[in-house]
Amino acid sequence: MEGPLLTPDHALSRVLVRTVPDAVTEGLADLGNVPVALPVLLVAMAYALRRGDRRGPLVAGLAMALVPALVIPFKEWTARPGPLEPWAAGYYPSGHTATALTAYVGAALLVAPYARRRWPLPLAAALTALTATGLVLRGFHWPLDVLASLLLCAPLLVCVRVSVGRSTRRRSG
């Protein structure tokens, strides 16, 4: 594999990988596991439904369901090897990052209209950043794998944001 971004990507990864104990970075990376992130989104969806929002939870659930449909074809197409496992393929983009971003930010967007303070989105951003950091520091993903997932899933979250905004305005109006 070659390209103008791969050299700095590999150099950055060489500097960062294993600078923090594996036990810490594996725990952070696990925040992007489906059994960890999905329940957070499901609880937020149930909460928003209970508060009367029908569209937001539907769109958030659809966004989460679309994550593998977006990520897996790119993994197959690029067949990028991993930082610590050059014999393995399918590391681009990061499915864990995509899962964390979509689940945590989707959940935050669903509960934000009902929160008294603005904590949901900063918390979701922190959980996603911790996941991405853990993946890169542990050597599970290159930095560009993580960045690609963030960019790939951002449009899904824009759809969630728009649907939540419409539902909230309609109820308050």
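Begin by selecting helix α4 and colouring its buried residues, which are Gly-56, Pro-57, Ala-60, Ala-63, Met-64, Val-67, Val-71, Lys-75 and Thr-78. Keep in mind throughout the tour that this is a predicted model. With α4 still selected, place a distance between its terminal C-alpha atoms: the helix has 24 residues and reaches 35 Å from the first C-alpha to the last, close to the 34 Å expected at 1.5 Å a residue. Then move along the axis to Leu-66, where there is a kink of about 30 degrees, shortly before the proline Pro-68.

Stay on this helix and show the side chains of Phe-74 and Trp-77, both of which lie in α4 (residues 55-78), 3 residues apart, or about one turn of the helix. How many aromatic pairs does a search of the whole structure find? The search finds 2, and the tour takes in the one between Tyr-47 and Tyr-114, whose ring centres are 5.7 Å apart and whose planes stand at 80 degrees, so this pair is edge-to-face. Selecting the two tyrosines together takes the view to separate parts of the chain, because Tyr-47 lies in helix α3 (residues 34-50) whereas Tyr-114 lies in the loop between α5 (95-111) and α6 (120-138), so that the pair ties together parts that are 67 residues apart in sequence. If you add a surface, Tyr-47 counts as partly exposed at 33% relative accessibility, while Tyr-114, at 17%, counts as buried, since the cut-off for burial is under 20%.

Now return to Phe-74 and Trp-77, whose rings have their centres 6.1 Å apart and their planes at 65 degrees, so this pair too is edge-to-face. Phe-74 is partly exposed, with a relative accessible area of 31%, whereas Trp-77 is exposed, with a relative accessible area of 68%.

The next stop is the backbone. Most residues other than glycine have a negative phi, and most peptide bonds are trans. Just after α4, select Ala-79, which takes a positive phi of about 50 degrees; this residue is found in the loop between α4 and α5 and, at 37% relative accessibility, counts as partly exposed. In that loop between α4 and α5 you will also find Pro-93, and the peptide bond that leads from Tyr-92 to Pro-93 is cis, with omega near -5 degrees. For another positive phi in a residue other than glycine, go to Arg-18, where the value is near 65 degrees. Arg-18 is found in the loop between α1 (6-16) and α2 (22-29), and its relative accessible area of 45% makes it partly exposed.

Finish at the second largest pocket, in which about 240 Å³ of space lies. Which residues should be selected to find its centre? Of the 13 residues that line this pocket, the closest to its centre are Leu-5, Leu-6, Arg-80, Tyr-92 and Leu-144. Tyr-92 is the residue already visited at the start of the cis peptide bond to Pro-93. If you then select helix α7 (residues 143-172), you will have the element that gives the most to the lining, with 4 residues. Colouring the lining by class shows 9 nonpolar, 2 polar and 2 charged residues.

Conventions. Residues numbered from 1 in each chain as written. Predicted model: local features only at pLDDT ≥ 70, side-chain atom pairs only at ≥ 80, totals over all residues. Heavy atoms only, no water. 1 Å grid on protein atoms, 1.4 Å probe; cavity = no way out; pocket = protein on both sides within 12 Å on 5 of 7 lines; lining within 4 Å. Points joined across faces, edges and corners; volume = space filled by probe spheres on them. Nonpolar A, V, L, I, M, F, W, Y, C, P; charged D, E, K, R; others polar. Phe/Tyr/Trp six-rings, centres within 6.5 Å; stacked < 30°, edge-to-face > 60°. Buried < 20%, exposed > 50% of the residue type's maximum accessible area, 1.4 Å probe, protein only. Expected span 1.5 Å × (residues − 1). Bend = angle between axes of the 7 residues up to and from the residue.
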